[in-house]
Amino acid sequence: MSAPRSAWIDDDLAMFQDAARRFIEAEVVPHELRWAAQTHVDRGIWNALGAAGLLCPAMPEEYGGGGGHFAHDAIVSMEMARALAIGPSLNVHSAIVAHYILRYGSEAQKRSWLPRMANGELVAAIAMSEPAAGSDLKAITTRAVRQGDRYVVNGAKTFITNGHLADLVCIVAKTDPAAGARGVSILVAETAGLPGFRRGRILDKIGLKGQDTAELFFDDMELPVDNLLGPQEGQGFAQLMQQLPQERMLIALGTLATMERAVEDTLAYTRQRQVFGQPLFDLQNTRFKLAECRTKATVARAFVDDCMAKVLRGELSGDVAAMAKLWCTQTNCEIVDECLQLHGGYGYMTEYPIGRMYVNARVGKIYGGSNEIMKELVARGM
Ligand SMILES: Cc1cc2nc3c(=O)[nH]c(=O)nc-3n(C[C@H](O)[C@H](O)[C@H](O)COP(=O)(O)OP(=O)(O)OC[C@H]3O[C@@H](n4cnc5c(N)ncnc54)[C@H](O)[C@@H]3O)c2cc1C
């Protein structure tokens with residue numbers, strides 16, 4: 001019982017999907033439990049993903065990318081989620097940071113950073129959140145002060161995905177604290193040997209164990225003025241607002257793949273598990289619960305497919321992207337909870353994928369903008 005192929009996946013994308021699935025199953029999945037234990041991936045997986053063409057598939061070939069478009073990022077995102085391959089965040093690297101650089105970067109920035117991101121030489125992260133500012137991004141206090149041909153950056157970021165390994169970090173900072181949203185800019189730091197750049201601990205999370213979520217600190221860290229993203233200061237907030245809908249779609253796509261995987265796994269489990277002399281699946285409660293879960297996942301897919309068609313036509317609005325993120329992450333939590341219950345005690349064991357899906361699902365309602373903020377965005381669109 002696998003999901004039907006979505007209309008936005010043409011034959012070329014289906015071939016790309018097949019190749020991605022095979023690579024992820026062979027080269028990523030076998031390491032996930034070890035990465036979870038060490039709380040970060042092996043650095044070499046990034047180079048292997050680059051060599052396999054799974055990094056920056058949507059970037060133009062002239063910048064070392066795969067020459068595709070957002071649907072290629074979407075495919076990678078879904079295949080990683082389906083395989084429970086959460087270690088390297090390709091969403092942040094390829095589908096978020098690379099798009100910021102492509103859209104707002106100068107020609108020199110694109111030529112410098114994108115090819116090295118596409119081959120895995122640079123691992124990318126985006127640093128918005130701070131210890132005292134997450135939902136309310138205007139309240140960030142990281143400060144970038146221009147001094148001649150340099151910016152001097154001071155501040156602290158937290159919850160940064162890929163943060164422990166990142167070689168390239170997009171930093172959201174205030175360049176003019178008096179100007180509100182218009183005083184926010186994005187600066188790009190290459191971290192190797194950069195004085196004043198410091199990583200904190202890898203944060204101990206309840207799920208997404210193999211993903212290196214870290215704190216970052218900037219102490220009089222100097223960046224060339226050429227590392228500003230965009231032609232002038234003060235455009236950071238607008239850049240974030242333009243890119244966040246795409247980020248929310250990636251979360252929706254990943255959680256959709258997880259829902260479908262949870263239903264598939266639970267169907268297989270309940271068919272072989274015997275209770276009271278019959279397969280668990282034959283009990284009406286099991287059949288009804290799985291019927292409900294499958295219905296929810298099918299409805300979610302129809303909505304996500306509709307959103308994807310809008311993305312590819314350049315018509316996805318921020319409020320509809322927020323609906324997709326809100327609906328899919330909430331529904332995913334409901335589905336994995338029901339599916340875990342049907343696994344009984346085995347569902348609570350980390351060796352069963354459903355247990356990992358359960359703990360990984362929870363963050364979907366928090367990151368990428370919390371679901372309360374998604375409701376605000378939906379309401380603003382009414
Ligand atoms: C695993 C993980 C990875 C992450 N990766 C990154 C990353 O790579 N880069 C990055 O910059 N950030 C990252 N984040 C941070 C994430 O985006 C924030 O946690 C999120 O935006 C919420 O901010 P906060 O944690 O500061 O919560 P707060 O903003 O303090 O919110 C606390 C609670 O209040 C609610 N709330 C806040 N404002 C309102 C409102 N106006 N109306 C109603 N309710 C409200 C929130 O919904 C939430 O329930 C990550 C977080 C996690 C957990």
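Are Glu260 and Arg301 buried or exposed? Both residues are buried, and the close-ups below, all taken from a predicted model, start with this pair.

**View 1. Glu260 and Arg301 join two helices through a salt bridge.**
Here the closest N and O atoms of Glu260 and Arg301 are 2.6 Å apart. The two partners come from distant parts of the chain: Glu260 belongs to helix H7 (residues 236-272) and Arg301 to helix H8 (residues 284-312), with their positions 41 residues apart in the numbering. Step back for a moment and you will find 21 salt bridges in the structure.

**View 2. Asp265 and Arg261 pair up within helix H7.**
This salt bridge has an N to O distance of 3.0 Å. Its two residues are 4 residues apart, about one turn of the helix. Arg261 has a relative accessible area of 17%, under the 20% limit, so Arg261 counts as buried.

**View 3. Lys289 and Glu338 form a salt bridge between helices H8 and H9.**
Look for the side chains of Lys289 and Glu338, which meet at 3.4 Å, N to O. Lys289 sits in helix H8 and Glu338 in helix H9 (residues 318-342), so this contact ties together parts that are 49 residues apart in sequence. Lys289 is partly exposed at 23% relative accessibility, and Glu338 is also partly exposed, at 25%.

**View 4. Four charged side chains share a network.**
Arg21, Glu25, Glu79 and Arg82 are the members of this network of salt bridges. As a reminder, side chains of opposite charge can pair when their charged atoms come close.

**View 5. A nonpolar patch lies on the surface.**
Tyr346, Tyr348 and Met349 make up the patch, and together they have about 370 Å² of accessible area. Met349 is found in the loop between H9 and helix H10 (353-361). With a relative accessible area of 37%, Met349 is partly exposed.

**View 6. The ligand sits in a shell of 17 residues.**
The closest of these residues are Ser129, Ser135, Phe159, Ser370 and Glu372. Strand E1 (124-127), strand E3 (150-160) and helix H11 (371-380) each contribute at least two residues to the shell. Sorted by class, the shell holds 9 nonpolar, 6 polar and 2 charged residues.

**View 7. Oxygen atoms of the ligand meet polar atoms of the protein.**
A backbone N or O atom of Met128 lies 2.8 Å from a ligand oxygen. In the side chain of Ser370, a polar atom is 2.6 Å from an oxygen of the ligand. For Glu372, a side-chain N or O atom is 2.6 Å from a ligand oxygen. On its own the ligand has 970 Å² of accessible area, and the protein covers 64% of that.

Note on methods: Residues are numbered from 1 along each chain as its sequence is written. This is a predicted model: local features need pLDDT of at least 70, side-chain atom pairs count only at pLDDT 80 or more; totals for chains, interfaces and linings use all residues. Side-chain values use heavy atoms; hydrogens and water are left out. Buried means under 20% relative accessible area, exposed over 50%, partly exposed in between (1.4 Å probe, protein chains only). Patches are made of residues with over 30% relative accessible area and no salt bridge: like charges are joined within 9 Å, nonpolar side chains (Val, Leu, Ile, Met, Phe, Trp, Tyr) within 5 Å. Accessible areas come from the Shrake-Rupley method with a 1.4 Å probe; for residues, only the protein chains shown count as cover. A residue is near a molecule or strand if one of its heavy atoms lies within 4 Å of it. A polar contact is a pair of N or O atoms within 3.5 Å; within protein, one must be able to donate a hydrogen and the other to accept it, and residues adjacent in sequence count only if both atoms are side-chain atoms. Ala, Val, Leu, Ile, Met, Phe, Trp, Tyr, Cys and Pro count as nonpolar, Asp, Glu, Lys and Arg as charged, and the others, Gly among them, as polar.
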